[in-house]
Amino acid sequence: MEHPENDSKFAGLAVNSGVEQPPSVNPYMKARRRRRLLSAGEYVEGILRGDITILSQAVTLVESHNPEHEAVAQEVIEKCLPHSGNSIRIGITGVPGAGKSTSIDVFGLHVLKQGGKLAVLAIDPSSERSKGSILGDKTRMEKLSVHPDAFIRPSPSAGSLGGVARKTRETIVLCEAAGFDKIFVETVGVGQSETAVHSMVDFFLLIQLAGTGDELQGIKRGIMEMADGIVINKADGDNVDRANLAATQFRNALHLFPLPPSGWAPRVLTYSGYYEIGIAEVWQMIYDYFDFVKKNGYFQEKRRQQELYWMYETINEKLRDNFYQNPAIEEMLAAKQQLVLGNKQSSFVAAHEVLDRYFTLLHSR
């Protein structure tokens with residue numbers, strides 16, 4: 001295009017035509033082909049031979065909300081079930097900043113030196129606003145994330161059950177079928193995530209800190225009663241005395257609680273994840289626990305109770321989904337919401353009327 005400024009009457013003024021701009025899309029980039037969804041049999045075959053890529057794809061399938069994916073995922077889980085159950089499952093919890101990820105990195109390397117394979121299911125907290133999640137646990141497990149016998153799977157909590165991913169229980173089954181004989185489940189350390197993780201692991205480890213103020217603030221009856229072992233992290237340098245004092249306080253607190261159903265008296269130890277001090281002692285405690293509960297029969301009994309727990313949890317979840325996804329109930333809920341917000345009907349009466357409507361719909365089928 002010719003610019004009028006280049007006319008002879010505008011002497012001394014010139015406008016260049018400019019540089020041709022490159023295309024906005026890379027011309028060398030090939031169109032991505034959509035990955036073919038494997039059959040349930042192909043997933044199971046890959047998992048059983050320890051193919052990490054297929055295991056990762058299967059876990060993604062399990063976490064999917066797509067009905068087509070859910071059907072295939074359930075078939076995969078059913079076929080993997082006979083090959084599961086041959087691992088020790090350890091739940092690890094603690095307040096944010098207690099050093100859970102660093103500790104898992106060190107604990108994992110310690111057990112892998114003795115052989116076997118380790119799977120770490122790290123639950124990453126999701127934003128309540130954007131529902132996004134950083135999934136940055138691998139960056140804090142620098143050595144373990146590159147170990148050939150370790151599988152780290154960060155999953156977004158998506159706000160479910162206080163931070164525990166909805167499908168973690170099924171993921172454990174897949175990992176065990178893939179030959180992982182040690183499973184770590186890390187919680188975000190908030191809400192009711194501890195309760196859910198406790199119901200899917202054999203040993204529940206609580207990580208605490210010393211020197212952060214009032215140590216008694218960490219002694220909460222609910223979490224203390226669930227813990228099979230308590231470890232005070234960062235027991236190094238000037239913090240050793242404070243860690244030992246905190247350990248004494250926790251031991252005294254534990255004496256006030258009755259023995260758990262396992263008959264095992266929880267122990268309290270100190271260690272340093274960063275300097276790798278006291279790691280062997282922590283693992284000796286864990287192995288002592290497994291010897292104890294396998295000898296008295298509690299190990300199998302607890303796993304049976306957990307299977308029943310997850311059966312009822314699944315029933316509750318399906319009933320809830322069926323209720324909220326019913327078109328008639330969705331419409332009625334929208335109307336009732338306006339009545340409640342306008343102070344024209346109490347929330348309790350509205351709830352009863354919606355439930356009555358739901359039960360009527362069920363009986364009319």
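1. Let's start with two rings on the inside. Phe184 and Trp283 are both buried. You're looking at a predicted model here, so read every value below as computed from that prediction. A search of the whole structure turns up 14 aromatic pairs. In the pair formed by Phe184 and Trp283, the ring centres are 5.9 Å apart and the planes meet at 25°, so the pair is stacked. Where do these two partners come from? Phe184 belongs to strand S4 (residues 182-186) and Trp283 to helix H10, so the pair links distant parts of the chain, 99 residues apart.

2. Now compare that with a pair of tyrosines. The ring centres of Tyr274 and Tyr275 are 5.0 Å apart and their planes stand at 85°, so this pair is edge-to-face. To be stacked, the planes would have to be under 30 degrees apart, while over 60 counts as edge-to-face. Are these tyrosines buried or exposed? Tyr274 is exposed, and Tyr275 is exposed as well.

3. Rings can also gather in a group. Six residues, Phe203, Trp264, Tyr289, Phe290, Phe292 and Phe299, form one aromatic cluster. Phe299 has a charged partner too: the charged end of Lys294 sits over the Phe299 ring, 5.0 Å from its centre. Elsewhere, Lys117 lies over the face of Phe180, at 4.4 Å from the centre of that ring. When you open the structure, try looking down on each ring to find its lysine.

4. On to the charges. How many salt bridges does a search of the whole structure find? It finds twelve. One of them joins the side chains of Glu63 and Arg153, at 3.3 Å from N to O. Glu63 sits in helix H2 (residues 52-63) and Arg153 in strand S3 (residues 150-156), so this pair ties together parts that are 90 residues apart in sequence. The two ends have their own surroundings: Arg153 is buried, because its relative accessible area is 14%, while Glu63, at 24%, is partly exposed. The cut-off that matters here is 20%, since buried means under that value.

5. Another salt bridge is worth finding on screen. The side chains of Glu276 and Lys143 meet at 3.6 Å, N to O. Glu276 is in the loop between strand S7 (267-270) and helix H10 (279-295), and Lys143 is in the loop between helix H5 (137-140) and S3, so the pair ties together parts that are 133 residues apart in sequence. Both ends count as partly exposed: Glu276 has a relative accessible area of 44%, and Lys143 has one of 48%.

6. What about Glu45? Its side chain meets that of Arg49 in a salt bridge, at 3.7 Å from N to O. Glu45 and Arg49 are both exposed. Asp51 joins in as well: Glu45, Arg49 and Asp51 are linked in a network of salt bridges.

7. Two backbone details are easy to miss. Lys234 has a phi near 65°, a positive value in a residue other than glycine. Lys234 is in the loop between strand S6 (229-233) and helix H9 (240-254), and its relative accessibility of 37% makes it partly exposed. Asn343 also has a positive phi, near 60°, and is likewise not a glycine. Its place is the loop between helix H12 (327-341) and helix H13 (347-363). At 73% relative accessibility, Asn343 counts as exposed.

8. Step back to the whole protein. It has 13 helices and seven strands, and 42% of its 365 residues are buried. The protein exposes about 21100 Å², with carbon and sulfur atoms supplying 54% of that. Taking contacts with a separation of 6 or more, 74% are between residues 24 or more positions apart.

9. Last, a word on confidence. The average pLDDT is 85, and 80% of the residues score at least 70. Which helix has the highest confidence, and which the lowest? H10 is at the top with 97, and H5 at the bottom with a mean of 58. Look also at residues 127-136: their pLDDT stays under 50, and the model has 15 contacts for them beyond four places in sequence.

Technical notes
Residues numbered from 1 in each chain as written. Heavy atoms only, no water. Salt bridge = Lys/Arg side-chain N within 4 Å of Asp/Glu carboxyl O. Buried < 20%, exposed > 50% of the residue type's maximum accessible area, 1.4 Å probe, protein only. Helix = DSSP H or I, 4+ residues; strand = E, 2+ residues; numbered from the N terminus. Contact = heavy atoms within 4.5 Å. Areas by Shrake-Rupley, 256 points an atom, 1.4 Å probe, with all protein chains shown as cover. pLDDT = per-residue confidence, 0-100. Phe/Tyr/Trp six-rings, centres within 6.5 Å; stacked < 30°, edge-to-face > 60°. Lys NZ or Arg CZ within 6 Å of the ring centre and 35° of its normal.
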